[in-house]
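Work through the exercises below with the sequence and the structure open. Each task is followed by a solution in steps.

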Amino acid sequence: VDVRQPGRGALRRLAGIGGDPADLDPRIVCEAAVPQRLRDGEVGVRQVDVLADQPHGDPFGGVVDALAGALLVIGGAAALGHLEAVRREKRARELAAVITALELLESHVVYGQVLLADALRRVGEAQPGAGWAFLRAAERLEEGWPASRALRESFSAWAARSALLESDLAPLVHLAPVLGLSEGGDQARHLRWARSQLEVKL
């Protein structure tokens with residue numbers, strides 16, 4: 001056998017390869033497209049927004065989040081501003097009430113010659129805005145407390161429940177060693193001084 005001549009089996013295999021592509025059934029070509037892609041590894045899974053520099057899938061999502069955060073900040077600031085305004089208004093009312101109470105106290109102690117405990121009680125009942133401190137001081141005096149201690153304790157206790165600042169109560173504490181212990185003219189001077197210190201805070 002001549003090795004240069006292919007055998008009949010080889011010719012049959014080569015003959016099976018030949019043929020006109022136009023003779024193929026078109027349905028076979030179309031149906032083979034998907035399996036061919038699967039076999040060649042051309043089908044994959046995509047995932048968007050994996051990297052930080054890739055844009056958000058929802059173009060409005062970031063805007064909505066930013067607006068929501070801004071509204072929360074604005075709402076919180078407005079609430080704090082409202083609370084501060086309410087506190088300032090309450091402080092102004094209490095300062096005005098204390099000033100009026102000191103005027104009444106002067107009239108009772110200096111001109112009416114009323115005992116300090118009775119004068120404090122009358123002032124407390126007539127001036128609800130600041131009456132709690134004066135009524136408490138009257139009770140302490142009736143319990144036998146010294147006038148200075150009774151006034152200091154009452155004003156300090158009122159500070160914890162009022163909107164007044166510590167500096168607002170300083171003139172009242174200054175009156176503690178004077179009221180009920182000195183002559184009428186001296187008490188009047190101290191009461192007027194205390195009022196003048198509170199009036200400049202309004």
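**Exercise 1: a helix pair**

The axes of helix 8 (residues 166–175) and helix 9 (residues 184–199) come within 9 Å of each other and cross at roughly 175 degrees. Determine how helix 8 is oriented relative to helix 9, and which residues make the contact.

Step 1. The conventions come first: the model is predicted, local features need pLDDT of at least 70, side-chain atom pairs count only at pLDDT 80 or more, and totals for chains, interfaces and linings use all residues. Residues are numbered from 1 along each chain as its sequence is written, and side-chain values use heavy atoms, with hydrogens and water left out.

Step 2. Helices are DSSP runs (H or I, at least four residues) numbered from the N terminus. Axes are lines fitted to C-alpha atoms over the stretch in contact, and angles run from 0 to 180 degrees between N-to-C directions.

Step 3. The crossing angle therefore makes helix 8 roughly antiparallel to helix 9 (over 145 degrees).

Step 4. Helix 8 contributes Asp168, Pro171, Leu172, His174 and Leu175, and helix 9 contributes His190, Leu191, Trp193, Ala194, Gln197 and Leu198 (contact: heavy atoms within 4.5 Å).

**Exercise 2: one side of a helix**

List the buried residues of helix 5 (residues 116–126) and state how they are arranged around its axis.

Step 1. Leu116, Ala117, Ala119, Leu120, Val123 and Gly124 are buried (under 20% relative accessible area; exposed is over 50%, partly exposed in between; 1.4 Å probe, protein chains only).

Step 2. These residues cover an arc of only 165 degrees, so they lie on the same side of helix 5. The arc is that of the directions from the helix axis to the C-beta atoms.

Step 3. Leu135, in helix 6 (residues 128–142), touches Leu120, Arg121, Gly124 and Glu125, not counting residues up to four places away in sequence. Leu135 is partly exposed, at a relative accessible area of 25%.

**Exercise 3: the core**

Find which helix supplies the largest share of the largest nonpolar core.

Step 1. This core has 34 residues, and Val98, Leu120 and Leu172 are among those with the most contacts inside it. A nonpolar core is a set of buried Ala, Val, Leu, Ile, Met, Phe, Trp, Tyr and Cys residues joined through side-chain atoms within 4.5 Å.

Step 2. Helix 4 (61–111), helix 5, helix 6, helix 7 (147–159), helix 8 and helix 9 each supply at least two residues.

Step 3. The largest share, eight residues, comes from helix 4.

Step 4. Val98 is in contact with Ala130, Trp158, Leu164, Leu172 and Leu198, leaving aside neighbours within four places in sequence.

Note on methods. Angles under 35 degrees count as roughly parallel, over 145 as roughly antiparallel, 65 to 115 as roughly perpendicular and the rest as oblique.
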